[in-house]
Amino acid sequence: MADHHVKHAGPSGQFTFADLKAEHARSIGMEGRRSPGAPNQLAALRLFMAIRGHTDNTPIHPTLTTEFEDQLRSFERSAKAGQRDTPSISDATLLSYRSHLRKWHGWALGLSGKGVRAEVFGKLLQDGIASHREKHPGRTLKEIAALASISFVVLTEWKAGKLATTRRPNRRRLLRLERLLELPVGALTEVVFGRYLSRVDAQALRGAGQQLHPKHGVTRVRYVPAPLPPRIAEFVHGFIQHKTSLYPGENLAGEALDRAPGASWRVIAGNVASAQMFVALAGAFSGYLMLPATLAEAREHVRANWIGGANPLPEGAVEALAPYFVGRGMRAEDIWPHHLVAPDLVGGFLEWRTLRSKSGKESGYHRGYLSRVAIPLVRPEFGYLTQRPELAPDAGGPIRREHAAGGAENAALPSWAERCAKWHRQLRRMRQSLNREHKERDPHAALAAVLDMPNPMDVVDWIIASHRRDKPQGPLIPGVGGISLAQWHRDQLLLRMLPANPLRNRNFREMEWRVDNTGNLYRKGNRWRLRFEPQDFKNERGAASKPYDVELDPALAPWIEAYLLQARPLLLGGNHCDKVFLSRNGTPFNAVNLSQLVFNLTDRHIRGIVDARGFRTHAYRHIAATSYLRANPRDFLTVADMLHDRHETVLRNYNRSNPEDGLRRWAEWRASAVRRAA
C-alpha cells in the first residue's frame, strides 16, 4: 500500500487504525471483486484492538510498527487466557490471526512512511546482532559483516538505522543476514522491499482484469506430486534398474528383457543424470494428469499450493493463474504406466506446457519428453513398456477390456505389443511435426552476436574479469558468507577452465580430483594436468579413441589450488565426493544444472554487446574454434586436436568461413604475387 493513496492522517499527524482500515478497503476495491480473506483480516484486527485497548483513533505507530513484535506476543498471551471480556480462542484460530496481523503490520509500515520503516529495520538488526553475539561471544560486527558477505561500513549504517535501498543486490544481502542472525524469514527483506505485495500480488492489484503472464507466477504454484503416484513410482524404479543394471531384468512371465545396444545409463558417484531427468519429466506429466479438470477447482488448487509467500494470494492473481492449472482431474491411484505414452494424453500435456511457456511456443522440453520418455518406452523390441505386458491396466482397464472375450489369461498380450507399436508410430509423427515447425536450435544463430565479433574470445575474457570483480567479501570459513565465497572460487575456476580446455559438459561434471593424484585432475611436479580415458568421451570410437592427457595452462594453477584446498572443502561439508565441481550442498552437478550455472554466470556478466545473451557449456567449443580459425584460417587440424574431435566434425560444425573470407585471402595472395612479379 503506497502512502500517497491516503489523503489525511489523524489529528496528531499520525495515521490511525481508522486510516489503516480505510486503506485496506480501498485496496480491496482495486481488485474489482470481493476478497474472501477480508472478513477474517478485519476480525483479527478488531480482536487485537479490543485486547490491547485501542480504538479507531489510536495511532498505528508504534503499536503496529516498531513495537509490533512485543505487542503481538502480549496479544497472544491475552487471547489464550480470554482477557478484557473476550473469549479465549483455539490455537488454530490464533495461528490464523497471527498471520492476518502480520499482514496488518506490513500494511502499517507501508502507510507510515520511510522513517518508521527505517526505525523498524534498525531495531530488527540491533536485536538480531545482539542475540547473535550472545550465542557467539567475542564475535565483532566486522566478523559478522564478513560472514554475511556485506561491507562493514554498510552494515554499520544499517545497524544505526539507515534503511537499505531497494537495489536488487541488497535483497540477497538481507537474506544472508536473516539466515546468519537467525531472524524470521523475510523479517528484513519485507521491511525494505514491501510486505505482501510480491510481483504477482502487485500485478493483480494494479490491473483488475489485466491478464497475468504465466512467467510472473506460474512457477510459484506447486503441481508436481511428491511422492509420485504409486504405480508410476514403482514403474520408474523398475525402469531405472533396467537401464543401470548389468542384467536388464525380466518380466512377470520370466522372459528376459532386452536393451538396445548402448542404451544403458551410467552411474556416476551414485547419481544417474538421465534418471534424474526421467523422474522430473514423469513427475511433471503425472502432475498434469492430477490437476483439476475444471476452472473452479483450479482456483482452489492455486490458493492451496501457492509457494510464493507466507500469505494468501489476492483474488486477482488467483483468477489470472487458474487457467494454467487445468489438467485431467485424475486420482493418483488411477494413473498407470501406459498413461505416460498414450498419445492423446501426451499431446494434451505438451499443449499445456506450451500454454505455460513464456514464449507461448513449443520448446526443447516438448521434444525432450517425447525423446527421453514416451518414444523409448514403446520402442518395438527394446521398449521397456513394450516388453512388460503385465503393466497394462487390470481386467477392468481399457486395454484388457478390448481383448477379454477370448477368456485366456494372456489374451491381452498380443494386443499389448500391437498397441505399443501403434503408439510408437503416433509419437514419432508428433515429434516429426514439432521438428518441422521448430528446427533444432542452431548454436551459431544463438551465438551470432558473440561469434560475429573480430575475436569472440574477448567476450569470454570480459566475463571472467567481470565475475572476478564481483568477489564476495570475507574469509573462507564455514558460514553463510564462506559458502558464497567458495561458490565464487568454483565459478571463477570453471569460467577459466572452459575456454582453456574446451571439452564437453560431461567431462567437466565428471572430472575428479583425489589427494593421491589418481583423479582426472592431477599434479605432476609443479604442473597441473588433466586426463580422461576414451570411454569418458562421446566420440570414443572416433577422434577420442586414444587417452586424453594434457598439461593445463600454468596461469590456472593458483585458481585450482585455491579452490581445491580452501574453497571446495567448504562446499563438500561432511559429504564424500571426488568430483571437482560441486554444488553448494556438496553434491555433483548433473548435465542440466551445470549447463544452467554456466548460462547464469555468462548472462549476468556479459556486457556491451547488442542482442548478446548468456551461453552454456558447449558454446565454449564454438567460441574457441571460431576465435582460433579467424586468426589462423584453415588450421582445422589444430582445432580438432584442441577440441579432441575429428577433422571432419570441425569442418562441418565449427567452420564459419564464407565467400568474403575466401575473396579477402585471395586478394591478399594476388597482391603479394604481383609484388613478387614486379
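Three residues, L663, W666 and W669, make a nonpolar patch on the surface. The patch covers about 380 Å². It appears in a predicted model. One of its members, L663, lies in helix α29, which runs through residues 659-677. The relative accessibility of L663 is 58%. Exposed means over 50%, so L663 counts as exposed.

The chain as a whole has 678 residues, and 48% of them are buried. Its secondary structure comprises 29 helices and three strands. The exposed area of the chain is about 33900 Å². Carbon and sulfur atoms supply 51% of that area. Contacts were also sorted by separation in sequence. Among contacts between residues at least 6 apart, 65% join residues at least 24 apart.

Helix α3 offers a simple check of length. This helix holds 14 residues, from 68 to 81. At 1.5 Å a residue, α3 should span 20 Å. The expected span counts one less than the number of residues. In the model, the end C-alpha atoms of α3 are 20 Å apart, so the two values agree. Several residues of α3 are buried, which here means under 20% relative accessible area. The buried residues include F68, L72, F75 and A79. Q71, S74, E76 and S78 are also buried.

The strands pair as follows. Strand β1 covers residues 521-524, and strand β2 covers residues 527-532. The two run antiparallel and are joined by four bridges. L521 has L530 in β2 as its bridge partner. Together, β1 and β2 form a hairpin, with two residues between the strands. One residue in the turn is G525. The phi of G525 is positive, at about 70°.

Strand β2 also pairs with strand β3, which spans residues 548-551. These two strands are antiparallel, and four bridges join them. Across this pairing, R531 stands opposite D549 in β3. Thus β2 is bridged to β1 and also to β3. In a regular strand, side chains alternate between the two faces of the sheet.

Notes:
Residues are numbered from 1 along each chain as its sequence is written. This is a predicted model: local features need pLDDT of at least 70, side-chain atom pairs count only at pLDDT 80 or more; totals for chains, interfaces and linings use all residues. Side-chain values use heavy atoms; hydrogens and water are left out. Buried means under 20% relative accessible area, exposed over 50%, partly exposed in between (1.4 Å probe, protein chains only). Two strands pair if DSSP finds at least two bridges between them. Patches are made of residues with over 30% relative accessible area and no salt bridge: like charges are joined within 9 Å, nonpolar side chains (Val, Leu, Ile, Met, Phe, Trp, Tyr) within 5 Å. Accessible areas come from the Shrake-Rupley method with a 1.4 Å probe; for residues, only the protein chains shown count as cover. A salt bridge is a side-chain nitrogen of Lys or Arg within 4 Å of a carboxyl oxygen of Asp or Glu. Contact means heavy atoms within 4.5 Å.
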